[in-house]
Amino acid sequence: MQIYWTKINKIIEETPEIKTYMLDCPEGFTWEEGAHTHFALEGFNAGDKPNRGLIRHMSISTLPHENSIGITTRIREQCSEFKAILRNLEVGNKIALFKTHSNVPLKRDGKNVYLLSSGVGLATFRPLVLDYFERADNVNQIHSLNIDSSKDFLFTNIFETVPDKKFTSHFVDNRKDYYEEVKKLAADKDGLFYVVGSDEFLVQNIEVLREQGIKPEQIILDKHEQQRPKFLSFDLSI
């Protein structure tokens, strides 16, 4: 396993609770849209075994041509040791990246694509939308639906409706409105539904989509292939 050590070159305060850490691109480090990586703080591999408390699974919120690796995360006032350390990092501090992979690249199957996310889960979708804006080949249209109860919506300069590009974006701040919208979107029985958020959020979305007749193969999750059955073996008879 290759570990890429790199430095923070910029810290962007997206909202009062959300920051994006921009990292230098190490030589040989590559990724595609929808990628996640293992993001580790200094000292994680100092002992006999890796200190898992200093490692997190993070989405990359940028595309390679932006020349920086963006890691966007929410850091609340009450947070884990990992987030507390991260909050105090500065430009020039070192972090490590390893095991980078994409479970949610943009499928170009000539269908409508629906991006369903909660809060900072939108960071996973930012590169997919940028990739679509640059090259819309074999994507019919994209609709983004995001729920964030804080109302501090993320990346609003990118996630705004652009009719000419066949892109629509919708933010809601409560579950009732969110799931009503999901049901409406699921009227498209041929669409592709990407879902990013907590495990609980995934399960709830899958239940709603499956009840509306959406098949498991139309639902794309940011999970390894072997983890998909755990979420998608939803029994409609229950």
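Strands S7 (residues 111-118) and S10 (residues 192-196) pair in the parallel sense over 5 bridges, where pairing requires at least two DSSP bridges between two strands. Strands (E, at least two residues) and helices (H or I, at least four) are DSSP runs, numbered from the N terminus. Keep in mind that this model is predicted, so local features need pLDDT of at least 70, side-chain atom pairs count only at pLDDT 80 or more, and totals for chains, interfaces and linings use all residues. Residues are numbered from 1 along each chain as its sequence is written, and side-chain values use heavy atoms, without hydrogens and water.

**The sheet**
- S7 and S10 belong to an open sheet of 5 strands, ordered S9-S8-S7-S10-S11 with parallel pairing.
- Strands S9 (167-172) and S11 (219-221) stand at the edges with a single partner strand each, so one side of each has no neighbour in the sheet.
- Within the S7 and S10 pair, look for Val-113 opposite Leu-192.

**The second largest pocket**
- This pocket holds about 210 Å³ of space; a pocket is an open set of points on a 1 Å grid over the protein atoms alone, where a 1.4 Å probe fits, with protein on both sides within 12 Å along at least five of seven lines, and lining residues have an atom within 4 Å of a point.
- The volume is the space filled by probe spheres set on the points, with grid points joined across faces, edges and corners.
- Its lining includes Met-1, His-38 and Phe-44.
- S4 gives the most to this lining, with 3 residues.
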